[in-house]
Amino acid sequence: MELQQQKNRFHDLAERSYARDLFTFTGFLGLGEQDAFWQEEPKLKYAGYTLYGGCENADRVMVRFGNAEKFGYDVPFPIVCIHIRPLASKFADELTHRDFLGALMNLGIGRSTLGDIMAGEKQAYLFCQDSVAEFICENLNKVRHTNVKCSLAENVEELMQEEPEHISIQVQSVRVDAVLARVYNLSREKSLELFRAGKVFVNGRACENNARSLKAGDVVNARGYGKLRLEEGSRETRKGKQAIDVAVYR
């Protein structure tokens, strides 16, 4: 969907929610689409909104417009989680996120109906809109050369507690480019290329300012590399550098 069309869609959903006292939902939004939402957020907040992707720290999220206190009722997000696993693990391929996404796209499903895919150990957990869950469970039977079976997952929040790698780094300052370069072992020029290409997002918003200072709790996505979150507190070393703790999601 073109950027302006996406923005128009946000406004249509917000207006419908506010005028009719009902909850409205976007499809799943990628980082670029989330940035478009945040650009329009000052004009949308009158309707009330919540972002959620099925689990904490999801990369792809839906926006729900509406105010439960104003409406006097609440409605959950139409998101379910599907467990995709091989019929015979012994003969299964080592499957990647790209493999699972490709198999789903081959079913003709719109990308906006699909959230995060957490792949590993020959299986995956897929967040999707509940409207396509039955179709996926009935029709997704092969990923690459591996025969698979699908079922709705329970206790999703417990399953999805992705454990990040906790590291400590030292940087001259807590600038976003310095942190990315240190965490991912990038040269200054390579780090700057990410910003020029629009591949860096801070808290879901595109970041063009490579000198932006980060604070505890900020989440940084670098397309092609991964996601990191700054932990609480920083301290100055004897050599004048900033020592910070970072949670890294590979």
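Me: Which residues do ring pairs link into a cluster?

Reply: In this predicted model, ring pairs join Phe10, Phe37, Trp38, Tyr49 and Phe65 into a cluster. Counted by the same rule, the structure comes to twelve aromatic pairs.

Me: Why is the pair of Phe23 and Tyr73 called edge-to-face?

Reply: Two values settle that. The ring centres of Phe23 and Tyr73 lie 5.5 Å apart and their planes stand at 85 degrees. Rings pair if their centres lie within 6.5 Å, and planes over 60 degrees apart count as edge-to-face. Both conditions are met, so the pair of Phe23 and Tyr73 is edge-to-face.

Me: What makes this a link between distant parts of the chain?

Reply: Phe23 and Tyr73 are 50 residues apart. Phe23 belongs to the loop between helix 1 (3–20) and strand 1 (24–25), while Tyr73 belongs to the loop between helix 3 (68–71) and strand 4 (79–86).

Me: Is Phe23 buried or exposed, and why?

Reply: Phe23 has 10% relative accessibility. Buried means under 20%, so Phe23 counts as buried.

Me: And why is Tyr73 called partly exposed?

Reply: Tyr73 has 34% relative accessibility. That value falls between the 20% limit for buried and the 50% limit for exposed, so Tyr73 counts as partly exposed.

Me: How do you know that Phe37 and Trp38 form an edge-to-face pair?

Reply: The same test works here. Their centres are 5.1 Å apart, with 70 degrees between the planes. With limits of 6.5 Å for the centres and over 60 degrees for the planes, Phe37 and Trp38 therefore pair edge-to-face. Both residues are buried, and both belong to the cluster mentioned at the start.

Me: What makes you say that the charged end of Lys70 sits over the ring of Tyr18?

Reply: The charged end of Lys70 is 4.8 Å from the centre of the Tyr18 ring, and the distance limit is 6 Å. Lys227 offers another case: its charged end sits over the ring of Tyr249, 5.1 Å from the centre.

Me: Why is helix 7 called largely enclosed?

Reply: Helix 7 (residues 176–183) has eight residues and six of them are buried, so the rest of the structure largely encloses it. The buried ones are Val176, Asp177, Val179, Leu180, Ala181 and Val183. They pack against several elements, among them strand 9 (165–171), helix 8 and strand 13 (226–236). After helix 7 comes Asn185, whose phi is positive, near 55 degrees.

Me: Leu192 lies in helix 8; why does Leu192 count as buried?

Reply: Its relative accessibility is 14%, and the cut-off for buried is under 20%, so Leu192 counts as buried. Leu192 and Ala181 are eleven residues apart in sequence, with 9.2 Å from C-alpha to C-alpha.

Me: What covers the buried residues of helix 4?

Reply: In helix 4 (residues 97–105), Asp99, Phe100, Leu101, Ala103 and Leu104 are buried. Their cover includes strand 4, strand 5 (114–120), strand 6 (123–129), helix 5 (130–139) and strand 7 (142–143).

Me: What makes up the lining of the second largest pocket?

Reply: This pocket has a volume of about 320 Å³. Its lining has 17 residues, and Gln34, Asn57, Ala58, Val61 and Gly204 lie nearest the centre. Helix 2 gives the largest share, three residues. By type, the lining divides into eight nonpolar, six polar and three charged residues.

Definitions and conventions: Residues are numbered from 1 along each chain as its sequence is written. This is a predicted model: local features need pLDDT of at least 70, side-chain atom pairs count only at pLDDT 80 or more; totals for chains, interfaces and linings use all residues. Side-chain values use heavy atoms; hydrogens and water are left out. On a 1 Å grid over the protein atoms alone, a cavity is a set of points where a 1.4 Å probe fits but cannot get out, and a pocket is an open set with protein on both sides within 12 Å along at least five of seven lines; lining residues have an atom within 4 Å of a point. Grid points are joined across faces, edges and corners, and a volume is the space filled by probe spheres set on the points. Helices (H or I, at least four residues) and strands (E, at least two) are DSSP runs, numbered from the N terminus. Ala, Val, Leu, Ile, Met, Phe, Trp, Tyr, Cys and Pro count as nonpolar, Asp, Glu, Lys and Arg as charged, and the others, Gly among them, as polar. Rings of Phe, Tyr and Trp (its six-membered ring) pair if their centres lie within 6.5 Å; planes under 30 degrees apart count as stacked, over 60 as edge-to-face and the rest as tilted. Buried means under 20% relative accessible area, exposed over 50%, partly exposed in between (1.4 Å probe, protein chains only). A charge sits over a ring if NZ of Lys or CZ of Arg is within 6 Å of the ring centre and within 35 degrees of the ring normal. Contact means heavy atoms within 4.5 Å.
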